[in-house]
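Open the structure in your viewer and keep the sequence panel beside it. This tour tells you what to select at each stop and what is there.

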Amino acid sequence: YLKAAQSSSGWKRRQMKKCAHRTIHLIRSWSKNGNVNVVHYLCILEAELAVLSGKNNKAKEGFNAAIATSSRNGFLQDRALAHELASAYFKAQGDEFWRNYHIECSRTSYQEWGCSEKVEQLYVRCKDVKE
């Protein structure tokens, strides 16, 4: 919902944001009940919500937390996704250094996970980013 909300406006944007808040609340309750396997998802969603709300520092902290938590718990695919989303965020902010860093980390993580098709997709989508 949050990615779609970023390119929407008005009523539709508010509805998507409301659905995202419900999902965040649900995942937060799972986390509080001891499910450590969802903490990185919560960090990703909170980072995307911060992007939508224009809270740049919170967005950066959320992406960093998602990357660290997914790495620590061995979720390669989710680490790759967090890097990919962080890259998109930094691209929108005009920060090419961090955009390039995160897209390279995303490619590496997807490759480690064994998803060569996704790596190729990122090379095609981000032709301007060199290895």
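**Stop 1: a lysine to start from**

Select K58, which lies in helix α4. K58 has a relative accessible area of 47%, so it is partly exposed. Now add E46. The two residues are 12 apart in sequence, and their C-alpha atoms are 8.3 Å apart in space.

**Stop 2: colour by confidence**

This is a predicted model. Colour it by pLDDT. The chain averages 90, and 93% of the residues score at least 70. Confidence is highest in α4, at a mean of 97. It is lowest in helix α1, residues 2-6, at a mean of 68. Where pLDDT is low, the predicted coordinates should not be read in detail.

**Stop 3: the largest nonpolar core**

Select I44, A59, F63, A66, A82 and Y89. Of the 13 residues in the largest nonpolar core, these touch the most other members. Three elements give two or more residues to this core: α3 (39-53), α4 and α5. The largest share, 5 residues, comes from α5. Another core lies apart from it. That one has 6 residues, among them A80, I103, L122 and C126.

Stay with F63. Which residues does F63 contact, leaving aside neighbours within four places in sequence? They are A47, E48, V51, A82, L85, A86 and Y89.

**Stop 4: the aromatic rings**

Show the side chains of Phe, Tyr and Trp. A search of the whole structure finds 5 aromatic pairs. One of them joins F63 and Y89. Their ring centres are 5.9 Å apart, with 40° between the planes, and the pair is tilted. F63 belongs to helix α4 (residues 56-72) and Y89 to helix α5 (residues 76-93), so this pair ties together parts 26 residues apart in sequence. F63 and Y89 are both buried.

Next, pick F90 and W98. Their ring centres are 6.4 Å apart and their planes meet at 40°, so this pair is tilted. Check how each partner sits. F90 is buried, at a relative accessible area of 7%. W98 counts as partly exposed, at 37%.

Now widen the selection to F63, Y89, F90, F97, W98 and Y101. Ring pairs link these residues into a cluster.

**Stop 5: along helix α5**

Select α5 alone and place a distance between its end C-alpha atoms. How far apart are the end C-alpha atoms of α5? The distance is 26 Å. At 1.5 Å a residue, the 18 residues of this helix should span 26 Å, which agrees.

Colour the buried residues of α5. They are D78, R79, A80, A82, H83, E84, L85, A86, S87, Y89 and F90. Then step past the end of the helix. G94 follows α5, and its phi is positive, near 80°.

**Stop 6: two arginines**

Go back into α5 and select R79, which lies in that helix. Is R79 buried or exposed? At 16% relative accessibility, R79 counts as buried, because the cut-off is under 20%. Set aside its neighbours within four places in sequence, and R79 is in contact with I67, S70, S71, S109 and E112.

Finish on R107. R107 lies over the face of Y123, at 3.9 Å from the ring centre. Turn the view until you look straight down on the ring.

Definitions and conventions. Residues numbered from 1 in each chain as written. Heavy atoms only, no water. Phe/Tyr/Trp six-rings, centres within 6.5 Å; stacked < 30°, edge-to-face > 60°. Helix = DSSP H or I, 4+ residues; strand = E, 2+ residues; numbered from the N terminus. Buried < 20%, exposed > 50% of the residue type's maximum accessible area, 1.4 Å probe, protein only. Lys NZ or Arg CZ within 6 Å of the ring centre and 35° of its normal. pLDDT = per-residue confidence, 0-100. Expected span 1.5 Å × (residues − 1). Core = buried A, V, L, I, M, F, W, Y, C linked by side-chain atoms within 4.5 Å. Contact = heavy atoms within 4.5 Å.
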